[in-house]
Each structure stands twice: as C-alpha cells, then as structure tokens.
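Student: Please give me a close look at a single part of this chain. Start from one residue, then work outwards to whatever surrounds that part.

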Amino acid sequence: SHNLSQEDQKRFNSSRLGLCRLIGDTLNSLALAKPDDNTSVSVVCSGNAQFPYDFNSEVSDNMNHQMINIKGVSLNLLRVAISLLSALLPTTVKASPSLSSNACETELATTFRNCNLISLVLRHLENASDAA
C-alpha cells in the first residue's frame, strides 16, 4: 500500500475490508467435525451451512480426491482463510501515522469486531490445539 494515489489507497482499503468480511463468513461456516460425523454439510439452527473439517483428513494433491474429501477441502479452506487474514493485518506501526492511515486502521479494527474475527480465529485455533 506504499506510494499509492489517494484513489488507489481507497480501493485497496475497501478491498481489504471486503476480504476481512469474506474471511469472517468463511470462518463462521467452518466447524470441527464430530468424530462420528460422516456428512459433508450440516445446517445449524440459524440456517447457516457448516462445512466440517478434520485435522486427520488425508488430502492428496489429486484434485478429484480433494473434492470427494470435503473435510480435507474444508481444512485447506481454514488454512487459507487464516493465512489471508494474517496477510491483511498491518505489519508495522508508524511512529507518526497520518490521519488517513489512522482512519483505515480504525475501520479495519471495526470490521474485525463486527465480523467477530478474533473469536472465530480463536475457536479454530483451540480446535487445532485440542487435536494436537
């Protein structure tokens, strides 16, 4: 985001916020599979689909195998979502941030809060910790 025009910076920030919302939706739709769960998709009471993942899923490089193994695909989606989220976070703290960068970071923090991103990531990390 360095050396961008003001218009390009606005588009960049808008895209970053949109990606955060998409990641929130994705993390919200993923759930650790129950040990006896052989279904590919379940629907929770709120009407949202839950795509199960399993840390023991065998996922090969063969795309056909991956598409059959929904738990492995969901696990890969979880990995991608968390990786993308970490890439969207600011990596440096400016000693004297500009007013526009402060507004962008505030908007990003608000999006994190509104999408419940911190607790979603923590839930998935706790699942990974329990499975380890």
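Tutor: Start with arginine 16, which is buried because its relative accessible area is 8%, under the 20% cut-off. Keep in mind that this is a predicted model. Arginine 16 lies in helix α1, so α1 is the part to look at under the helix assignment used here. What does arginine 16 touch, leaving out residues up to four places away in sequence? The list is Leu88, Cys104, Glu105 and Leu108.

First, the setting. The chain contains five helices and three strands. Along the sequence they follow the pattern α-β-β-β-α-α-α-α. The chain has 132 residues, and 28% of them count as buried. Among contacts with a separation of 6 or more, residues 24 or more positions apart account for 50%.

Now the helix itself. Helix α1 covers residues 6-29, which is 24 residues. At 1.5 Å a residue, α1 should span 34 Å. Its end C-alpha atoms are 35 Å apart, so the expected span and the model agree. Which residues of α1 are buried? They are Asn13, Arg16, Leu17, Cys20, Ile23, Gly24, Thr26, Leu27 and Ser29. Arginine 16 is on that list, and glycine 24 is too.

Next, the partners. Take helix α3 as one of them. Helix α3 runs over residues 70-88. Its 19 residues should span 27 Å at 1.5 Å a residue. The end C-alpha atoms of α3 are 27 Å apart, so that check agrees as well. The axes of α1 and α3 are 10 Å apart, at an angle of about 150°. That angle makes α1 roughly antiparallel to α3, because angles over 145 degrees count that way. The α1 and α3 crossing is left-handed.

Which residues meet there? On the α1 side they are Arg16, Leu19, Cys20, Ile23, Thr26 and Leu27. On the α3 side they are Leu77, Leu78, Ala81, Ile82, Leu84, Leu85 and Leu88. The residues of this contact divide into 11 nonpolar, one polar and one charged. Leu88 in α3 also appears among the residues that arginine 16 touches. As for burial in α3, the buried residues are Lys71, Gly72, Ser74, Leu75, Leu78, Ala81, Leu85 and Leu88.

Turn to helix α5, residues 117-131. How do α1 and α5 sit against each other? Their axes come within 10 Å and cross at roughly 40°. That makes α1 oblique to α5, since 40° falls in neither the parallel, the antiparallel nor the perpendicular range. The crossing of α1 past α5 is left-handed. In α1, the residues in contact are Cys20, Ile23, Gly24, Leu27 and Asn28. In α5, they are Leu117, Leu120, Val121, Arg123 and His124. This contact divides into six nonpolar, three polar and one charged. Cys20, Ile23 and Leu27 are listed in the contact with α5, and they are listed in the contact with α3.

Glycine 24 deserves its own stop. Glycine 24 lies in helix α1. At 4% relative accessibility, it is under 20% and therefore counts as buried. Leaving out residues up to four places away in sequence, glycine 24 touches Leu117 and Leu120. Its C-alpha atom is 8.2 Å from that of phenylalanine 112, although the two are 88 residues apart along the chain.

One more residue, from outside α1. Asparagine 116 sits in the loop between α4, residues 99-114, and α5. Is asparagine 116 buried, partly exposed or exposed? It is partly exposed, because its relative accessible area of 43% lies between 20% and 50%. The C-alpha atoms of asparagine 116 and aspartate 25 are separated by 9.7 Å. Along the chain those two residues are 91 residues apart. The backbone of asparagine 116 also merits a check. Most residues other than glycine have a negative phi. Phi of asparagine 116 is near 60°, a positive value.

Technical notes: Residues numbered from 1 in each chain as written. Predicted model: local features only at pLDDT ≥ 70, side-chain atom pairs only at ≥ 80, totals over all residues. Heavy atoms only, no water. Helix = DSSP H or I, 4+ residues; strand = E, 2+ residues; numbered from the N terminus. Expected span 1.5 Å × (residues − 1). Buried < 20%, exposed > 50% of the residue type's maximum accessible area, 1.4 Å probe, protein only. Axes fitted to C-alpha atoms, helices over the stretch in contact; angles between N-to-C directions. Parallel < 35°, antiparallel > 145°, perpendicular 65-115°, else oblique. Left-handed = near helix turned anticlockwise from the far one by under 90°. Contact = heavy atoms within 4.5 Å. Nonpolar A, V, L, I, M, F, W, Y, C, P; charged D, E, K, R; others polar.
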